[in-house]
Amino acid sequence: MSIPSISDVRKYLVAEPGKPFDLSKRNSADRTLFEDKSLAKTSLKKDAAVINELKDILYAEKKRSILVVLQGMDTAGKSGTIKSVFAETTPLGMEVKAFKAPSSNELARDYLWRVHNAVPRKGHVGIFDRSHYEDVLVVKVRGFASPEDVEKRYEQINAFEKHLSENGVTIIKCMLNIGYEEQGIRLRERLEEQHKYWKFNPADLDDRALWKDFMAAYETAVHRCSTEHSPWYIIPSDSRTRRNAMIARLVRGALEDMNLSWPQTDYRLEDFDFS
């Protein structure tokens, strides 16, 4: 048994652009890529080390950037993914943005304003804990915008992501697909384990009551916004370890595809006196 190739991980997880997408056929407990949990741990550790090395070259180049979008229901593991995939990564050149309910200042502007403002600078790896997709997910399910306005947003988001990709931003979009039963277990854990008390929010149960509506909204968002320049990857997330290993494979692959190289210099050692 060997670590699945990055190409195989991509092919298995991608929601193919332009093709029908049925979220119910994506098993949140799927272990096909990493049947052996210990293999997932080994893969994650190796990839985390390489991600750190390549991130440093990306930072030195300062020509391009990477944006990792983590979207999922409560308890799907967005913060846990960040902690594990970037466990070996130094803070330099890292940007993490968690999108909460918009402020009054943000509501006074177009919905993508706060998102564009958080896009990582050249040379940086940016991570979105939730994202602009909130505006076609929770906004849609909760009725915070009219159906007509939500309908317009899919193409607006596609155009926004195309603009980013054409200007040096590689986007990796991961839907952390957690099952209904597993979410229930994790929500209960937040009141059973003291170190998780701070995570519990009764409002999470309100969203859980609308699970079918949220799954339908996710299915539409993935189908409408999985594009050649910015495809969606559906990550089985009932297993934390396997989830992290799969996303690490995707991040490493994106960095390797950049063919990064250390910047050259015209300085010569013999031209300077270091005595």
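A strand here is a DSSP run of E of at least two residues, numbered from the N terminus. In this predicted model, strand β1 covers residues 14-15, and V14 lies in it.

V14 is a useful point of entry. Its relative accessibility is 16%, and because buried means under 20%, V14 counts as buried. Leaving aside residues up to four places away in sequence, V14 touches R26, P231, W232 and Y233. Two of these contacts can be placed further along the chain: strand β6 spans 232-236, and W232 and Y233 are among the residues V14 touches. The C-alpha atoms of V14 and I171 are separated by 13 Å, with the two positions 157 residues apart along the chain.

From β1 the view widens to the sheet. Six strands make up an open sheet with mixed pairing, in the order β1-β6-β5-β2-β4-β3. The edges are held by β1 and β3 (94-98); each has a single partner strand, so one side of each is left without a neighbour in the sheet. Within the sheet, strand β2 (residues 65-72) and strand β4 (residues 125-129) run parallel and are joined by five bridges. In this pair, V68 stands opposite I127 in β4.

Helices also pack on the sheet. Helix α1 (residues 6-13) touches β1 and β6, and its direction makes about 95 degrees with that of β6. Helix α10 (residues 211-225) touches β1, β2, β5 (169-177) and β6, and its direction makes about 140 degrees with that of β6. Strand β1, where V14 is placed, is thus among the strands touched by helix α1 and by helix α10.

Terms used: Residues numbered from 1 in each chain as written. Predicted model: local features only at pLDDT ≥ 70, side-chain atom pairs only at ≥ 80, totals over all residues. Heavy atoms only, no water. Helix = DSSP H or I, 4+ residues; strand = E, 2+ residues; numbered from the N terminus. Buried < 20%, exposed > 50% of the residue type's maximum accessible area, 1.4 Å probe, protein only. Contact = heavy atoms within 4.5 Å. Pairing = 2+ DSSP bridges. Axes fitted to C-alpha atoms, helices over the stretch in contact; angles between N-to-C directions.
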